Amino acid sequence: MMLKWVRKKWNYFAIAALLIFLILIPFDWFLSRYTSLMIIIGISTMVTVGLCLLMGYTGQVSLGQAAFYGLGAYFSAVLSKTYSLNPWLAMLIAASATGAFAYAVGYPIFKLRGNYLAMATLGIGLIMWILFNQLSQYTGGPDGMSGIPYLSIGGFTFDTNFKRYYLVWFFCLAILFLSQNIVRSRTGRALRAIHGNEAAAESIGINVNQFKLKIFVLSSVYASLAGSLFAHHLRHVSPQPFDFLASIKLVVMAVIGGLASIWGAIFGAGTTRFLSDEVLLGFDKYPQLDIIIYGLILMLVMIFMPEGLFVAIKSGTLWLKVNWREMPSIMKRKRKEWPNQMKHIFSRLLLIRLWRKSEP
Amino acid sequence: MSQPILETKNLSKAFGGLIAVDKVDLTIDTGKITAIIGPNGAGKTTLFNLIAGVYQQTSGEILFNGKSLKHSLWYARSIKPGLNKKIFKDKLQRHAPTHMRASLGIARTFQHVHLFGNMTVLENIMTGQHTRSRSGFFDAAIRLPKMRREEENINLNATKYLNMMGLGQHARQNALSLPLGQQKLLAIARALATEPKLILLDEPGAGLNALEKRELSDLIKRIREMGITVVLVEHDMPLVMGLAEWIIVLDSGQKIAEGTAAQVQKDRKVIAAYLGEEME
């Protein structure tokens, strides 16, 4: 009886467990040494959610999301430090300015058909990175600018990692929750319809261009909010975290998290950030190793799990739950098929067909 | 005699030098089943695409319910009354895009089914209700009660169309996992879910077996009884002759004949178009 009830409400339990885990992390007796990493993961998750909505649900690839992330950070930094505006107001202005910029850029792009967005956003990413570097009287050039004030509410200042952790994850979970609601609605269906078939989507009355533009602006606003939090967290912005590699990293996060799953974004951002900030930091002999690793991950995930790592793991556990009784016989069968399958896969990977005779 | 739901006047479409539709005058009566037939390359699908707004005509006019889809009234309504209409004259001259025609009440299906492969069967139909609901990003994000009620309504309507097609037990399946016959039914259900006044069916019978075709013709009759005007392009002559109350024959972009099934079958031009002209 009890077990049945637990199984029925499983989703709520999973969410509650996740929440408790997240709340406990910054305490000293738990995982407090990961607090600053978790803040960065939360910020990355916010950008990744936007990218999931854009890439996974609407099918529009953006290779310049770091530009909007950087725009948010720089707007916040410049407005709150140089012009000493209230940080919250600066954050709001940053988000709306970035949204307006995305609208201005997206409006002409979405008049075209096909994957022009990827090309255009690639360009925007590079241009923005150059601007962050070159407009040194505002942005401080390659060295960046520091001394950005902390966020504060009333007299309460977010001046320690412990406090900022809760602030960032509040924003992050709010965005996840809102996005989840958007996905399960008329709007979400329209977005998925655009991904599924544009001609058909238009034929049933969905304004394809408008929806693409709206979701592009929404994802840029998410990125901008994350950038603002990033600026007020580190109190220092420099162009380096917003370069082309950062955009690629964000795409990797979205892909690992499973493009068509909102909650996968936490997983994607978590694994990628953990890899780059904890694991790969040990290999400081090979400073460019992470580029190779990301490329490899992107390639392998796209070949073997086109739905993303998160979704693959989820469906894998579901499969195990159904088939665990037959595992021995399945293993036996698999052991026979395995070598042949591997040969086939490797031959595809190594492009053996290139120097083999063409098939009859 | 009621007003025809769709009229085309002198409608032409040229792709470069090729004239796909050549000065076609059509009248499609409200509440009837009209078939457009013709040999391959006669311009039937181009005509459909012109009506649905995928292509823009080179010349001529399309009237829907007596209103031009070019100077469409409600297109003018979308411009706020206070603004100077002269500035938007150019906009009024433009052709209404596909999605606006869908909200006006022109629905269509495709020759190649074009379902949304990333959704379930039910969601495909629910997407069809897009123009009949209006909640946006903001409503969805904070789940307003208004939006929830609307969502329930959409679900209810979609289930109605689902059951009409007899796809009830496949509701939660992926749309592309259905066999072709049921996929075609699903595409029709999705088009019906937009609650159209006119539905354009592009080769609904292609790839179906005899039994499925009989079911299809029953279905089309039922759609007509719902008060929806049906226009279909079809190659299967027995199906067309048994179903259509009015038949329009196109050949190389021109209308060569129209009439009831019996009239068209006797028409010399039609026989010539299908079997080749006699040498004299």
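**Exercise 1.** In which loop of chain B is B:H95 found? Classify B:H95 as buried or exposed, or in between, and list its contacts outside the local sequence.

*Solution.* This is a predicted model, in which local features need pLDDT of at least 70, side-chain atom pairs count only at pLDDT 80 or more, and totals for chains, interfaces and linings use all residues. Residues are numbered from 1 along each chain as its sequence is written, while chains are lettered from A and ligands numbered from 1 in the order in which they are written.

Step 1. B:H95 sits in the loop between α3 (89-93) and α4 (98-104) of chain B. Helices (H or I, at least four residues) and strands (E, at least two) are DSSP runs, numbered from the N terminus.

Step 2. A residue is buried if 20 or more other C-beta atoms lie within 10 Å of its own, exposed if 12 or fewer, and partly exposed in between, with C-beta atoms placed from the backbone. B:H95 is partly exposed because 19 other C-beta atoms lie within 10 Å.

Step 3. Contact means that the C-beta atoms of two residues, placed from the backbone, lie within 7 Å. Leaving aside neighbours within four places in sequence, B:H95 is in contact with B:G53, B:Q56, B:L69 and B:K70.

Step 4. B:Q57 is 38 residues from B:H95 along the chain, and their C-alpha atoms are separated by 8.9 Å.

**Exercise 2.** Which two residues of chain B, B:E203 and B:S252, are to be placed in their loops, and what is the phi of each?

*Solution.* Step 1. B:E203 belongs to the loop between β7 (198-202) and α9 (210-225) of chain B. Although B:E203 is not a glycine, its phi is positive, about 45°. B:E203 counts as buried because it has 20 C-beta neighbours inside 10 Å.

Step 2. B:S252 lies in the loop between β9 and β10 of chain B. B:S252 is not a glycine either, and its phi is positive, about 35°. B:S252 counts as partly exposed because it has 15 C-beta neighbours inside 10 Å.

Step 3. Strands β9 (residues 246-251) and β10 (residues 254-259) of chain B pair in the antiparallel sense over five bridges; two strands pair if DSSP finds at least two bridges between them. The hairpin has two residues between the strands. B:V249 has B:A257 in β10(B) as its bridge partner.

**Exercise 3.** Describe the side of chain A that touches chain B.

*Solution.* Step 1. In chain A, 24 residues are in contact with 30 residues of chain B.

Step 2. The elements of chain A that give two or more residues to this side are α8 (161-183), α9 (186-196), α10 (198-203) and α11 (208-234). The most comes from α9(A), with nine residues.

Step 3. By class, this side has nine nonpolar, ten polar and five charged residues. Here Ala, Val, Leu, Ile, Met, Phe, Trp, Tyr, Cys and Pro count as nonpolar, Asp, Glu, Lys and Arg as charged, and the others, Gly among them, as polar.

**Exercise 4.** Which residues touch the most other members of the largest nonpolar core?

*Solution.* Step 1. A nonpolar core is a set of buried Ala, Val, Leu, Ile, Met, Phe, Trp, Tyr and Cys residues joined through C-beta atoms within 7 Å. Of the 167 residues in the largest one, A:C52, A:Y222, A:A226, B:A189 and B:I199 touch the most other members.

Step 2. α11(A) supplies the largest share of this core, 16 residues.

Step 3. Not counting residues up to four places away in sequence, B:I199 touches B:A107, B:A191, B:L192, B:I223, B:I228 and B:V230.
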